[in-house]
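Okay, everyone, let me get this one up on the screen. I'll talk for a few minutes about what holds it together on paper, and then we can poke at it.

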Amino acid sequence: MSVQRIAKLAGVSVATVSRVLNDLPSVKAQNKEKVLAAIAALNYQPNLLARQLRTARTGMLLVMVSNIANPFCAAVVKGVEKEAEKNGYRILLCNTESDFARSRSCLQLLSGKMVDGVITMDAVSELPELQKIIGAFPWVQCAEYDPESSVFSVSIDDTAAAEFVIDKLVESGKKRIALINHDLAYQYSQHREQGYLNRLAHHGLSYRTIVYADTLSYLSGKKAALSLLKNAERPDAIFAISDVLAAGAVNAVTESGFSIPQDIALIGFDGVDISQITVPPLTTIQQPNEDIGRKAVSLLLSQIESDNALDVVHYLLPWQFIQRQSS
């Protein structure tokens, strides 16, 4: 244990180290100096040591993301880290690459009591299997959620956001609206597609074309858009379920000689930085990316610090429509 190493190096008792860490007055100045010197020599952080001594907690949170290269995931993790540090915690980041074997390996940290709680961003389809491993351990799921599950979650209303996008495109006179989607194992993909279909039906539009990108990447977005442009009846608008895919679509449309938004309007989703640097800049749905991460930590700490079982909460945070020159 770290406290024992400090006591040995300082030549004092563990009790004396404990009193110094908890800033109690009943410690001789000479002994306090020895303890602080030992802490510095061993490169320990007194506040984290004190917390561990008081609570038998590690002060660490496990954060599992499906793809850290996804700017949305990275932004959520940024919010997680800020809120964790604000509350005296650090994070351990596990990039699962949507590989359940990697998720299982990361979750071994729970049985070893090396972390106090876990935040996941896995596909909703994986929640039942994760539940078997995580059990009653403090847990919050980000972006993906099952309203019937016992897992705390933070997300947005993806269906309503997608419906809003289609309404805006129809209002601008677009009638052939295509969708670039990704992996339907993810709930957000399902819900954004459902919103797309809901409003096409509402407006009585028969053109319904969906193409699925191979990966959530710029090049896959470009490839998907090029396939749409080869159709005999090309779209006059494209809605992509992520800004990264939409950015690739912008490149495909301009390289193919069409003007944006006159010939083809484009709208993305997430509100990450790439949406501002495309030419033209992307209209998008701005998710509260960092706020999702912060709220996840808040929900997780409420579980960690409560002596009683809490009622499960599913938070839906507000989103914002950002109008730019691509639509």
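So, D291 and R294: their side chains meet in a salt bridge, with N to O at 2.9 Å. This is a predicted model, by the way, so keep that in mind throughout. Both residues lie in helix α14, three residues apart, which is about one turn of the helix. Are they buried or exposed? Neither, quite: D291 is partly exposed with a relative accessible area of 41%, and R294 counts as partly exposed too, at 27% relative accessibility.

Right beside D291 in the sequence is E290, and its side chain makes a salt bridge with K82, 3.1 Å from N to O. E290 belongs to helix α14 and K82 to helix α5, residues 71–86, so this pair ties together parts of the chain that are 208 residues apart in sequence. E290 comes out as partly exposed, at 21% relative accessible area. The cut-off for buried is under 20%, so E290 falls on the partly exposed side of that line. K82 is partly exposed as well, with 38%.

Now put those pairs together. Which residues does the network take in? K78, K82, E290, D291 and R294 are linked in a network of salt bridges. As a reminder of the general idea, side chains of opposite charge can pair when their charged atoms come close. Across the whole structure, the search finds eleven salt bridges.

One more of those is worth a look, and that's R192 with D270. Their closest N and O atoms are 3.9 Å apart. If you're wondering why that still gets counted, it's because the cut-off is within 4 Å. This pair also links distant parts of the chain: R192 sits in helix α10, residues 187–202, D270 sits in strand β9, residues 265–270, and they are 78 residues apart. Here, though, both partners are buried.

Stay on D270 for a second, since there's an oddity in its backbone. D270 isn't a glycine, yet it has a positive phi of about 125°. Its relative accessible area is 5%, so it's buried by the cut-off of under 20%. A143 is another non-glycine with a positive phi, about 70° in its case. You'll find A143 in the loop between β4 (139–142) and β5 (152–155), and at 11% relative accessibility it counts as buried.

While we're on backbone, there are cis peptide bonds to check too. I260 and P261 are joined by one, with omega about 5°, and P261 lies in the loop between α12 (243–255) and β9. The bond from V279 to P280 is also cis, omega near 0°, and P280 is in the loop between α13 (274–277) and β10 (283–286). For context, most residues other than glycine have a negative phi, and most peptide bonds are trans.

Okay, inside. The largest nonpolar core has 71 residues, and I119, V140, I180, I238, F239, L266 and I292 touch the most other members. Which element gives the most to it? That's helix α14, residues 289–305, with seven residues. And where does this core lie? Domain 2 (57–156 + 289–317) and domain 3 (158–286) both give residues to it, so it lies between them. There's also a second, separate core of 15 residues, and L62, C94, V118 and V151 are among them.

Zoom in on F239. Not counting residues up to four places away in sequence, its contacts include I180, from that same list of well-connected core members, and also R192, the arginine from the buried salt bridge.

Last stop, the largest pocket. It holds about 430 Å³ of space. The lining is 30 residues, and S66, N70, Y186, Y188 and L216 lie nearest its centre. Helices α5 and α10 each supply at least two residues of that lining.

S66 is the one I'd click on. It's in the loop between β1 (60–65) and α5, and at 9% relative accessibility it counts as buried. What does S66 touch, leaving aside neighbours within four places in sequence? C73, N95, T96, E97, S98, M121 and Y186. Y186, again, is one of the residues nearest the centre of the pocket.

That's my tour. Over to you.

Conventions: Residues numbered from 1 in each chain as written. Predicted model: local features only at pLDDT ≥ 70, side-chain atom pairs only at ≥ 80, totals over all residues. Heavy atoms only, no water. Core = buried A, V, L, I, M, F, W, Y, C linked by side-chain atoms within 4.5 Å. Buried < 20%, exposed > 50% of the residue type's maximum accessible area, 1.4 Å probe, protein only. Helix = DSSP H or I, 4+ residues; strand = E, 2+ residues; numbered from the N terminus. Domains from an automatic or database assignment. Contact = heavy atoms within 4.5 Å. 1 Å grid on protein atoms, 1.4 Å probe; cavity = no way out; pocket = protein on both sides within 12 Å on 5 of 7 lines; lining within 4 Å. Points joined across faces, edges and corners; volume = space filled by probe spheres on them.
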